[in-house]
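Q: I am new to this structure and would like a close look at a single part of it. Please start from that part and then show how its surroundings fit together.
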Amino acid sequence: MMSIAPTHGPLPFTPGKIIAVHISYESRAAQRGRRPPAPSYFFKPSSSLATSGDAVERPEGTELLSFEGEIALIMGTPARSVSPADAWNHVAWVTASNDWGLYDLRSNDKGSNVRNKGRDGYTPVGPQLIDARSVDPAALRVRTWLNGELVQEGDTTDLIFPFSQIIADLSQHLTLAAGDVILTGTPAGASVAAPGDIVEVEVDAPHVIGELSSGKLTSRVIRGRGGFDPAIGSLPLASDLQREEAWGSREAAGLSDAAPVLPVELRDKLLEAPVAGLSQQLRKRGLDNVSIDGVRATRPGTKLVGVAKTLRFVPSRADLFRSHGGGYNAQKRAFDAVQEGEVIVIEARSEGGSGTLGDVLALRALARGAAGVVTDGGVRDYATVAGIGLPIFSLGPHPAVLGRKHVPWDTDLTIACGGATVQPGDIIVGDDDGVIVIPSAIAEEVADAALAQESEDAWIAEQVAAGNSIDGLFPMNAEWRAKYEAAVKVEPC
């Protein structure tokens, strides 16, 4: 069966293709919260190959160098349109691999993984090859150690897609040549390594009598140079979303799981209180510049209440749009990460000359449970967006795409929107009178005061409607105040 034999190093020769599977273990799917219905793949260049003991660089200015211990299959004979039953006959060897990735570069590379996983030295394999004929592909194990501590352990009984299915599926679309390498995915526990760390991966067959192991594939992490030129390509960007995926969980990444959701009682009060009344109470407390000026709801009669999640656009510049405007940019990340009850507040510098979101992003925010969107820019697909039912306040419609005026730059920071400063966690309230920003620390106090004033104003309106002069009534003097308090006391509770 074997058409090639090892000649030097762990591999017989430089493979023509290295193909990696995205998610293939049940434990990894559970950790990521998504289970693929079919296998999906990406390519790694042969220049990323390394051997046991080689250094792995984490470039200067990055933080999310992630390791993924995996079982690597090395093809022995070509496979084209093979059946699952025949697939394993085309595999010559099994060994350990580490599918290193730099998640700081993942956001603009989503799916393809060219930059974040294709770097030199990011695919170490070995150190020994296991004859595929000597093992059961359904009884292999992969383990990973970080500085001597076991952090990953998975076996092939946990695979969503068995190796035979992966090989047969790939062979439907392309020829797997002798020497090609397939990285078969990683179990739960993949995480982040820092300079000075040692990561070891081993593949073995624990149920086979005698020692049948790849040996420990060792990588040491070192500091590397940065040198990312924004005029040429993407810059590293470590968002909380990438931190969560690189570390494996929000808890492991040191991120809070608590979404800044409003208490139900406070939300109900703010839904009842008019923006004009809330604005008046903020002014009494010395907060004058809290109105997001110029924005209106896509649908009259809309009420918006939620917690601010911020997104900032900077003025369009060709080189910056090339580095930050495409791929999984800050705009897309914000709409993908918005939590239930949050309002995405966009700084667009009150520039209405292009859209800052359209129907697809509005649908994504709705699906995520967002409370709404506020932008001091334009909205594309305006009629469609208005019909979605998500509260959206903007300068109005504009047909142009984002790049005409804006570059999506960053998220979750203090911004300026419509002349008002907005910080993540501020309370956003909007209605037909406009949108205001309430510091969360005084939101309850302001809501209570606004509702009390609203009750008072309603009583005054009744007196005016009954023919009374507004002199001394609006605002109330002592005589009218006494009448009001007496009326309130006798009203049923």
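Where in the chain's secondary structure is the place of S81?

A: The model shown here is predicted. In it, S81 lies in a loop, with β6 on one side and α2 (84–87) on the other. Its backbone has a positive phi, near 55°, although the residue is not a glycine. The relative accessibility of S81 is 52%, and the cut-off for exposed is over 50%. S81 therefore counts as exposed.

The strand that borders this loop is a good way into the rest. Strand β6 covers residues 69–75 and pairs with β7 in the antiparallel sense, with 7 bridges between them. One position in this pairing can be named: G69 faces N98 of β7.

Strand β7 runs over residues 91–98, and 8 of its 8 residues are buried, so the rest of the structure largely encloses this strand. The contrast with S81 can be put in the same terms: buried is under 20% relative accessible area, while S81 is at 52%.

Strand β7 also pairs with β9 (residues 123–131), again in the antiparallel sense, through 4 bridges. Here S97 of β7 stands opposite V125 of β9. Strand β9 has a backbone feature of its own, a cis peptide bond from G126 to P127, with omega near 0°. P127 is placed within β9 itself.

These strands belong to a wider arrangement. An open sheet of 7 strands has the order β2-β1-β12-β6-β7-β9-β3, with mixed pairing. Its edges are β2 (41–44) and β3 (49–50), and each has a single partner strand, so one side of each has no neighbour in the sheet. In the stated order, β6 stands between β12 and β7, and β7 between β6 and β9.

The mixed pairing can be followed strand by strand. While β6 and β7 are antiparallel, strand β1 (residues 18–21) and strand β12 (residues 181–183) run parallel, joined by 3 bridges. In that parallel pair, A20 is opposite L183 of β12.

Other places in the chain can be set beside S81. D412 also has a positive phi without being a glycine, in this case near 60°. It lies in the loop between β24 (406–411) and β25 (415–417). With a relative accessible area of 37%, D412 is partly exposed, whereas S81 counts as exposed.

P475 can be set beside P127 in a similar way. The peptide bond from F474 to P475 is cis, with omega near 0°. P475 sits in a loop, between α12 (443–465) and α13 (478–490), whereas P127 sits in a strand, β9.

A loop glycine gives another exposed position. G227 belongs to the loop between β15 (217–224) and α5. It is exposed, having a relative accessible area of 80%. Its C-alpha atom is 9.2 Å from that of G61, although 166 residues separate the two along the chain.

The helix after that loop, α5, spans residues 240–247 and has Q242, R243, E245 and A246 among its buried residues. Cover for the buried residues of α5 includes α1 (26–32), β5 (65–67) and β13 (191–193). Following α5 comes G248, with a positive phi near 105°.

Finally, the whole protein gives the setting for these parts. Its secondary structure amounts to 13 helices and 28 strands. Of its 493 residues, 51% count as buried. Among contacts with a separation of 6 or more, 77% join residues 24 or more positions apart.

As for overall dimensions, the radius of gyration is 30 Å, against a value near 23 Å for a compact globule of 493 residues. Along the principal axes, the C-alpha atoms fill a box of roughly 105 × 50 × 45 Å. The exposed surface is about 21,200 Å², and 52% of it comes from carbon and sulfur atoms. The protein carries 45 positive and 62 negative charges, whose mean positions lie 5 Å apart.

To return to the starting point, S81 is an exposed residue in the loop between β6 and α2. Strand β6 pairs with β7, and β7 is largely enclosed by the rest of the structure.

Note on methods
Residues numbered from 1 in each chain as written. Predicted model: local features only at pLDDT ≥ 70, side-chain atom pairs only at ≥ 80, totals over all residues. Heavy atoms only, no water. Buried < 20%, exposed > 50% of the residue type's maximum accessible area, 1.4 Å probe, protein only. Helix = DSSP H or I, 4+ residues; strand = E, 2+ residues; numbered from the N terminus. Pairing = 2+ DSSP bridges. Rg over C-alpha atoms; globule rule 2.2 N^0.38 Å. Contact = heavy atoms within 4.5 Å. Areas by Shrake-Rupley, 256 points an atom, 1.4 Å probe, with all protein chains shown as cover. Lys, Arg positive; Asp, Glu negative; His and termini not counted. Charge placed at Lys NZ, Arg CZ, Asp CG, Glu CD.
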